[in-house]
Amino acid sequence: MTALRESTLPFPLHARGKVREMYDVGGDRLLMVASDRLSAFDVVMRRPIPRKGEVLTAVTRWWLQQFGDLVETHLIAGDPDTIIDHVPALADTRDQWAGRALLVRRTEPVPIECVVRGYIAGSAWREYAAHGTLAGEPLPGGLRESDRLDPPIFSPATKAETGHDENITFARVRELIGPGLADRLRELSLAIYERGRERARERGIILADTKFEFGLRDGELLLIDEVMTPDSSRFWPQETYEPGRSQPSLDKQPVRDYLDELASRGEWNKRPPPPDLPDAVVEATTRRYLEVHRRLTGRELGP
Ligand SMILES: Nc1ncnc2c1ncn2[C@@H]1O[C@H](COP(=O)(O)OP(=O)(O)OP(=O)(O)O)[C@@H](O)[C@H]1O
Ligand SMILES: [Mg+2]
């Protein structure tokens with residue numbers, strides 16, 4: 001399968017995000033197609049990363065199959081033949097989506113990014129370093145960057161239409177969507193993340209934090225979107241973990257290192273337009289994504 005910058009299927013486009021296209025394939029179902037676009041420092045690179053979309057799709061599907069006892073999910077099917085059984089009209093374009101798409105139930109997304117942090121990094125570390133708080137709540141003193149948080153912390157954000165999502169307090173979530181739904185989101189997010197963190201740890205991966213999305217369908221709450229992928233989470237290799245500094249990323253590190261080097265030479269300011277990635281960086285990144293899939297699922301992603 002060649003790298004895909006953007007899919008164009010003959011179905012109404014329900015939404016196009018930084019990484020995925022969602023097609024309305026009828027009967028209240030969506031085809032969620034992961035392209036090979038990669039964003040780093042919040043800028044989408046011009047060159048797609050071969051196999052990245054397949055990895056995101058396979059990882060999401062693998063997780064979704066393990067949470068049936070905790071929450072209903074949007075997944076209908078991931079196997080291409082089964083997807084075609086459900087939506088025969090997809091047969092003609094099979095080559096364009098097979099392996100990178102999931103058939104899901106369409107929902108009304110709850111407008112909250114359900115972030116869970118089991119290690120303190122990124123914007124959470126910056127907030128803590130400046131104010132001693134996370135999501136507005138005080139944390140114990142003396143934490144180092146990348147330290148583990150026990151128990152993990154729910155630190156929600158609003159889904160911003162453009163630009164960066166805005167961190168909000170849990171009290172604000174309860175005001176926005178009502179206390180009952182807010183409590184349920186927090187409880188489910190923590191339960192799913194804790195199981196994920198444990199499973200990943202058994203495979204030598206630190207799942208430092210992640211973001212879930214939920215949707216409502218006929219009054220029922222479903223886990224939607226991608227789940228605990230390298231795009232929605234921080235994946236750190238266990239073997240180089242060392243609190244007190246930022247950690248290398250298991251997936252995007254080759255790209256980040258290259259971009260940091262350009263920035264340090266004054267050749268890129270970390271704003272659009274993105275620079276071109278050299279072949280070696282693209283290839284190294286594909287290997288990293290395949291490695292994430294292999295470590296996590298214990299299986300090779302087929303050719
Ligand atoms: N079952 C579902 N029903 C309805 N919408 C869904 C469902 N699953 C995922 N979505 C939505 O589809 C979109 C997925 O695309 P994508 O993740 O690329 O975009 P995004 O989240 O808007 O932006 P970003 O690139 O910052 O993640 C999201 O807006 C997500 O809320
Ligand atoms: Mg998204």
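**Exercise 1. Helix α1 and its cover**

Determine how many of the residues of α1 are buried in this predicted model, and name them.

*Solution.* Begin with the extent of the element: α1 runs over residues 52–64, which makes 13 residues, and its end-to-end C-alpha distance of 18 Å is close to the 18 Å expected at 1.5 Å a residue. Next, apply the cut-off, under which a residue is buried if its relative accessible area is under 20%. By this criterion 12 of the 13 residues are buried, and the helix is mostly covered. The buried residues are K52, G53, E54, V55, L56, T57, A58, V59, T60, W62, W63 and L64.

**Exercise 2. Helix α6 and the residue that follows**

State which residues of α6 are buried, and describe the backbone of G204.

*Solution.* Helix α6 comprises the 24 residues 179–202, and it reaches 35 Å from its first C-alpha to its last, close to the expected 34 Å. Its buried residues are A182, L185, L188, S189, L190, I192, Y193, G196, R197 and A200. In reading such a list, it helps to recall that residues three or four places apart in an α-helix point the same way, because there are 3.6 residues a turn. Just after α6 comes G204, for which phi is positive at about 75°.

**Exercise 3. Helix α7, its cover and its end**

Identify the buried residues of α7, two elements that cover them, and the glycine that follows the helix.

*Solution.* The helix spans residues 253–264, so to speak of its length is to speak of 12 residues reaching 16 Å between the terminal C-alpha atoms, close to the expected 16 Å. Within α7, the buried residues are Q253, P254, V255, Y258, L259 and L262. Their cover includes β4 (39–40) and α8 (279–297). After α7 comes G266, which has a positive phi near 75°.

**Exercise 4. Two cis peptide bonds**

Locate the cis peptide bonds that precede P151 and P273, and give their omega values.

*Solution.* As a starting point, most peptide bonds are trans. The bond joining D150 and P151 is cis, with omega at about -5°. D150 belongs to strand β13, residues 148–154, and P151 is placed in β13 as well. D150 is exposed, at a relative accessible area of 54%, and its C-alpha atom is separated by 8.5 Å from that of Y119, which is 31 residues away along the chain. The other bond, from P272 to P273, is also cis, with omega near 0°, and P273 lies in the loop between α7 and α8.

**Exercise 5. Positive phi outside glycine**

Find where F41 and A135 lie, and decide whether each is buried, partly exposed or exposed.

*Solution.* The background is that most residues other than glycine have a negative phi. F41 has a positive phi, near 50°, and is found in the loop between β4 and β5 (43–44). Its relative accessibility of 24% falls between the limits of 20% and 50%, and therefore F41 counts as partly exposed. A135, likewise not a glycine, has a positive phi of about 50°, and its place is the loop between β11 (133–134) and β12 (137–138). Here the relative accessible area is 9%, under the 20% limit, so A135 is buried.

**Exercise 6. An exposed arginine**

Place R126 within the chain, and state how far its C-alpha atom is from that of S246.

*Solution.* R126 sits in helix α4, residues 122–131. With a relative accessible area of 57%, over the 50% limit, R126 is exposed. The C-alpha atoms of R126 and S246 are 11 Å apart, although 120 residues separate the two along the chain.

**Exercise 7. The chain as a whole**

Compare the radius of gyration of the chain with the value for a compact globule, and then describe its burial, contacts, surface and charges.

*Solution.* The chain has 8 helices and 18 strands. A compact globule of 303 residues would have a radius of gyration near 19 Å, and the chain agrees with this at 19 Å. Along the principal axes, its C-alpha atoms fill a box of roughly 60 × 50 × 35 Å. Of the residues, 53% count as buried. Among contacts between residues at least 6 apart in sequence, 65% join residues at least 24 apart. The exposed area is about 14,000 Å², of which carbon and sulfur atoms supply 48%. Finally, the mean positions of the 43 positive and 49 negative charges are 2 Å apart.

Technical notes: Residues are numbered from 1 along each chain as its sequence is written. Chains are lettered from A and ligands numbered from 1 in the order in which they are written. This is a predicted model: local features need pLDDT of at least 70, side-chain atom pairs count only at pLDDT 80 or more; totals for chains, interfaces and linings use all residues. Side-chain values use heavy atoms; hydrogens and water are left out. Helices (H or I, at least four residues) and strands (E, at least two) are DSSP runs, numbered from the N terminus. The radius of gyration is taken over C-alpha atoms; the globule rule is 2.2 Å times the number of residues to the power 0.38. Buried means under 20% relative accessible area, exposed over 50%, partly exposed in between (1.4 Å probe, protein chains only). Contact means heavy atoms within 4.5 Å. Accessible areas come from the Shrake-Rupley method with a 1.4 Å probe; for residues, only the protein chains shown count as cover. Lys and Arg count as positive and Asp and Glu as negative; His and the chain ends are not counted. The place of a charge is taken as NZ of Lys, CZ of Arg, CG of Asp or CD of Glu.
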